[in-house]
Amino acid sequence: MFSSNTADLPRSKSEKERQEIIRMGSHLSSEYNNPCLKEQQLSYNCLSDMNYDRNKCGDFFQNYRNCRDFWVRADRRRKGIKPEMPWPEDREEIKKEYMAGNRKS
């Protein structure tokens, strides 16, 4: 869940920017807290479009679960990497490393 520890916040250029990050971090659907925001929104949109028939949105739900499984990584916690959820600016590099590792197998 959301940590109130501001030491885990991304590096900022100014105190004003840091306060904005704190404000954004307090919102549960913030990009900092949820790297699967797009997938989550697509699931919500499907539910709305399909008159809240969950059976018709299974693919969207599975895509969201796959995204969460990828980003909510227990290995970061075990290794003591803080924050446990990578910052948005670091995620593209993490995805590239993951894809490169999967191509070798």
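This is a short dialogue about a helix pair and a pocket in a predicted model.

Trainee: How do helices H2 and H3 run, roughly parallel or roughly antiparallel to each other?

Mentor: Start with the angle between the two axes; anything over 145 degrees counts as roughly antiparallel. Here the axes of H2 (residues 37–49) and H3 (residues 58–71) cross at roughly 165 degrees and come within 9 Å, so the two helices are roughly antiparallel. Their crossing is left-handed.

Trainee: Which residues make the contact?

Mentor: From H2 look for Glu39, Gln40, Leu42, Ser43, Cys46 and Leu47, and from H3 for Phe60, Phe61, Asn63, Tyr64 and Cys67. By class, this contact has 7 nonpolar, 3 polar and 1 charged residues.

Trainee: Now the empty space. What volume does the second largest pocket have?

Mentor: The general idea is to roll a probe the size of a water molecule over the atoms, which shows where empty space is left. In this model, the second largest pocket has a volume of about 210 Å³. Among the residues lining this pocket are Glu31, Pro35, Glu39, Asn63, Cys67, Trp71, Arg91 and Lys95.

Trainee: Which elements give two or more residues to that lining?

Mentor: Those are H3 and helix H5 (88–104), with H3 giving the largest share, 5 residues. The lining as a whole divides into 5 nonpolar, 2 polar and 5 charged residues. Glu39, Asn63 and Cys67 deserve a second look: they belong to the contact of H2 with H3 and also line the pocket.

Technical notes
Residues numbered from 1 in each chain as written. Predicted model: local features only at pLDDT ≥ 70, side-chain atom pairs only at ≥ 80, totals over all residues. Heavy atoms only, no water. Axes fitted to C-alpha atoms, helices over the stretch in contact; angles between N-to-C directions. Helix = DSSP H or I, 4+ residues; strand = E, 2+ residues; numbered from the N terminus. Parallel < 35°, antiparallel > 145°, perpendicular 65-115°, else oblique. Left-handed = near helix turned anticlockwise from the far one by under 90°. Contact = heavy atoms within 4.5 Å. Nonpolar A, V, L, I, M, F, W, Y, C, P; charged D, E, K, R; others polar. 1 Å grid on protein atoms, 1.4 Å probe; cavity = no way out; pocket = protein on both sides within 12 Å on 5 of 7 lines; lining within 4 Å. Points joined across faces, edges and corners; volume = space filled by probe spheres on them.
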